[in-house]
Amino acid sequence: MVRSKVIFFFLVLSLIFSKSLFAEKGGREIKSQAKKREIVKKSQKIQKNNFYILLDIGVLFPSGLEGSFGFDLRGGYEIPIKSLNLRTGLRMGFYRGSEEGSVDEPAIGGKMPYKLTVSGVPLFLEGILIFNVNKIIKPFIGIGSGITYIKSEENFFGYSNEETKWNSGVEFPAGSFFHIKSFELLFELRYTLLPVDFVTTGSTDLTGFGIFTGGGFRF
Amino acid sequence: MNLDAKIIYKGRFFLIFFIVVLLFECSKKFSGPYPEIESVSPSRGWTGVDNTIRISGSGFSPVVKDVLEGPASVELPQVILGTDPEIFLNVVKVSQNELQAIVPKGAPVGGPYSITVINPNGHSDTLENAYEVTANPLITLTKIYPNFGWTQERTIVYISGSGFISTPEAYLEVPTGMVKLEKVAFINSNSLSAVVPSGISVGGPYDLVVINPDGNAGILEKAFAVTQNPPPVIDDVNPGSANTQQNPQVKIKGNNFRQPRLVLIDSNYNEVPCEITISSSTETEIDATIPVQGCGISAGAYLLRVINQDENSYYDWSAFVITNPASNPGPWQPVGESSWLKRGRQGLVLVSGKNDMKQTFLYAIGGGDSGTGKGSPSQIYDDVEVVQLDPFGEVGEWRINSNKMKKPRFAAGAVQHNGWIYVIGGRSDTTDSPINDCPIEKAKILTSDTAPVIKSIVATPGGNLKKGTWYYRVSAVMKPTFADNPGGEGLASDEEIITVGENASVTISWDPPPVAPSEVAFYRIYRTDSPNGVSGTEHLIADNVTGTTFTDDGKSPGTQSYVPNGGLGAFKCENQKGFIPRWGLSVVIGHDENNDYYIYAIGGHDGSGATGVVQYAKINSDGSLGDWITSSNSITARYFLASVFVDSKNAPIVEMNNYIYALGGTSNGIQPLTDSQITSIQRGGAVSSWSNLTKKIPQNMGLLSVAIDNFIFDMCGTSGGGNKVVSAKIISSSGEVENWNAAGEAAATVFSRFLGGTALESAYIYLVGGYGKCSSNLCSSPTSDEALRSVEKVIW
């Protein structure tokens, strides 16, 4: 169900993006040569620093897991659109969280502890709209989607049971860049939708907010 | 392509990628332990009942599921019986090396079927031809006694049938499932005992199921009911006997009498066809007439059963005794050799007692070996042998109590009161010196709350235990400060049974004994010597275990056994202030008109010769003894005498008086006496001056004596004794007796016994040990004179 909602949501979003960003700007629809020149000029100006690479770390608050953390390596290309900038790029990361507790089951002799560790390696394509408030502060909102390699490892009853799968997900980052010449700092609040249905985890989302900070440079 | 086109191109690619990845999802992988089945036990079961099977192997791995979705719960491995269609069995117990699952009642007859175990991770293993479902029960169940229990109380039951193999499991089938009975004990192939736990739903009668270790089972339908209200309890029946020519009016005192009905039950547990008339009843008292003569009831021991007709709960008083008119006991019945003492003893003491579960036991205390002859042992014993009696007085197998006396004792005296056994006087060596250091000691009959409770037992791979079934028990040794059992070992836990694979270890954990969890010094672990052993044969494998967990990796067993039911706690020296040490004395317990109880030590040999001193000490409410008071009233100096206490219970003729009789003995160790003296107990325990009975007993010493139903019996001994029994009837409230008469040829004991032991328990007089030989053609191979192991009994 969650997956269906995400797909539907994304399709709608895709249509919006298509119309608002690109249909109007499609090659056959550009009528004003002056406008074309202006865009090219802007692009050329921006193209001085239109590649970026970024490293961030953060904590995540997915439902159920305690003490999750993660880090990402991001890189991509930035292009101007009107007064905005659009970043498209790839994000690869590593997340890990664990949950400890105990269960009471007479058949195993009563109460017994367990530890569940869930880790993920996401590979996401993301699109970020950057608002050029001034030269330094660059708030942004975005969306990303991709695949995540998820591993759930449960230690219980003297045994370790492990479940793995590749799964798709979507994320909604928001925050701000702070540009200092070619360098930039990042503060980001990210909401991630990542459904899982392992036996050990149950059918649930590793959904939740994460707070990240990091830095990188544009070139 | 210009820049705009590039942007558009990339933007669409971006969208397509988004959609594709959302649809992308690989199949899941679940990895973890692989189960391996080594064996299934039992390998067959009857379809008429639920059967618990044990699957031994490795890699049985439950998982916790829904940890993030919540609520987290355990998913157990699945067990599938390979019938067509397959049956998923209910898994009730899981360890890494063993699964227990239930093959449901009604499983299709046939097989052997395969058994498959599937871990939650999907890995599985199958053992082909593992389990057979049989059509017919191979155990026959005929009776459970009693056939009810109060829901708020544990109930000891005896199960009769045939085909039992050590050690079966027993269950009651209640609406919510199978309730396992506790402490199932294999008595023989026709008899089991068990404890029905409290807390079972009121109702029934529920079906009783017994399952042998090999899987053969039997069922007794509508066998056991659980009552809402407490069952009746009889505390006293007076008189407790009658002869065949009487129709006695009896007064029954007790509790919880509700719409009562009275019946007599014979030794086959059949109701005697005789209408007992109740003239009046309250919740605590019943007056009734038992028409013994009217119904033509023959001599013997009977259970007097009071039945509450509201729920048909009942209580059996063991025993109402019907004697011959002359009150001549006999004939004496030799007990089978399997129920003889473990070793011959002369100069021992025999007492009877009950534990908190109202099971009855005999205790053979001390004594000595044959030595150089009668009354002259070379080795004197400090141990105690214990044996359980069934409700009709049948003797079980004697066991040496693991807690020994502080001193070896020959020719001591002993009494039992409120679960405490007091041993008084005696000598420890071959000299005439009495025991001066710790002349009095006592021990308590251990109660069920002295046993730890095993709460888990788990097998793990690695170790030296061989494949098979092992039996474990745990006992607690108390701190020296624990008054009831100072430094002594308590009863062992219920037996726990586990089946393991080859080269395994077993870890058990337990709760401390409820009686005093903080007073435990350490624990002892017992286990059967070899796999697939016999219940009850566990030996010590670990001592001084601290904590409440132990792992057995295959330790070598010793020879020490656990303390059985009815066992005694540690002996400790009791107050000896004022006591004059001596041996060959006679000890009785008596009470005054206030029902304060006293121990009387009468006569004996003080090291220099016979003495006539009479001493008494009060038994305090906590079991301790008051200081010993020497009476100014002595008897004729003598030792190896006998004495009995008489009150209105065992001799109604004496009315409210309380007497002590001192009989026979010797003043020089050679010449038996005929002295027969009587005294009365005054308020405060003092005795009046002793007077000689007009009718003296035949010459005798080393004799045994009991008082029953207005009669005093003089048994065995030497000279005038041997294997003879004489009795005298008390004929007045002053305690005077008629002539001592030989009780007849039938009353001669099977063995001659000098310095034997005797105890009166319910309907029987028991004779144990002593020095002598078989004097009857009942013995297949007559013995020579020696310290005897033999046991005999008679309905009085």
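Leaving aside neighbours within four places in sequence, with which residues is Tyr302(B) in contact? In this predicted model, the contacts of Tyr302(B) beyond that sequence window are Leu264(B), Ile265(B), Asp266(B) and Val272(B), together with Ala319(B), Phe320(B) and Ile322(B). Tyr302(B) belongs to the largest nonpolar core, a set of 174 residues, and is listed among the members with the most contacts inside it. The others so listed are Leu350(B), Tyr363(B), Ala414(B), Ile421(B), Ile599(B) and Tyr600(B). A second core, separate from this one, has 38 residues. Its members include Phe157(A) as well as Val63(B), Val103(B) and Tyr131(B).

Two cis peptide bonds that precede proline are found in chain B. The bond from Gly204(B) to Pro205(B) has omega near 5°, and Pro205(B) is part of strand E19, which spans residues 203-211. For the bond from Asn238(B) to Pro239(B), omega is near -5°. Pro239(B) is placed in a loop, with strand E21 (233-238) on one side and strand E22 (241-243) on the other.

Positive phi values occur at two residues other than glycine, Asp66(B) and Asn710(B). Phi is near 60° at Asp66(B), a residue of the loop that joins strand E5 (63-65) to strand E6 (73-75). Asp66(B) has 18 other C-beta atoms within 10 Å and is therefore partly exposed, since a buried residue would need 20 or more. At Asn710(B), phi is near 70°; this residue sits in the loop between strand E53 (704-708) and strand E54 (711-715). With 19 other C-beta atoms within 10 Å, Asn710(B) is likewise partly exposed.

Methods
Residues are numbered from 1 along each chain as its sequence is written. Chains are lettered from A and ligands numbered from 1 in the order in which they are written. This is a predicted model: local features need pLDDT of at least 70, side-chain atom pairs count only at pLDDT 80 or more; totals for chains, interfaces and linings use all residues. A nonpolar core is a set of buried Ala, Val, Leu, Ile, Met, Phe, Trp, Tyr and Cys residues joined through C-beta atoms within 7 Å. A residue is buried if 20 or more other C-beta atoms lie within 10 Å of its own, exposed if 12 or fewer, and partly exposed in between; C-beta atoms are placed from the backbone. Two residues are in contact if their C-beta atoms, placed from the backbone, lie within 7 Å. Helices (H or I, at least four residues) and strands (E, at least two) are DSSP runs, numbered from the N terminus.
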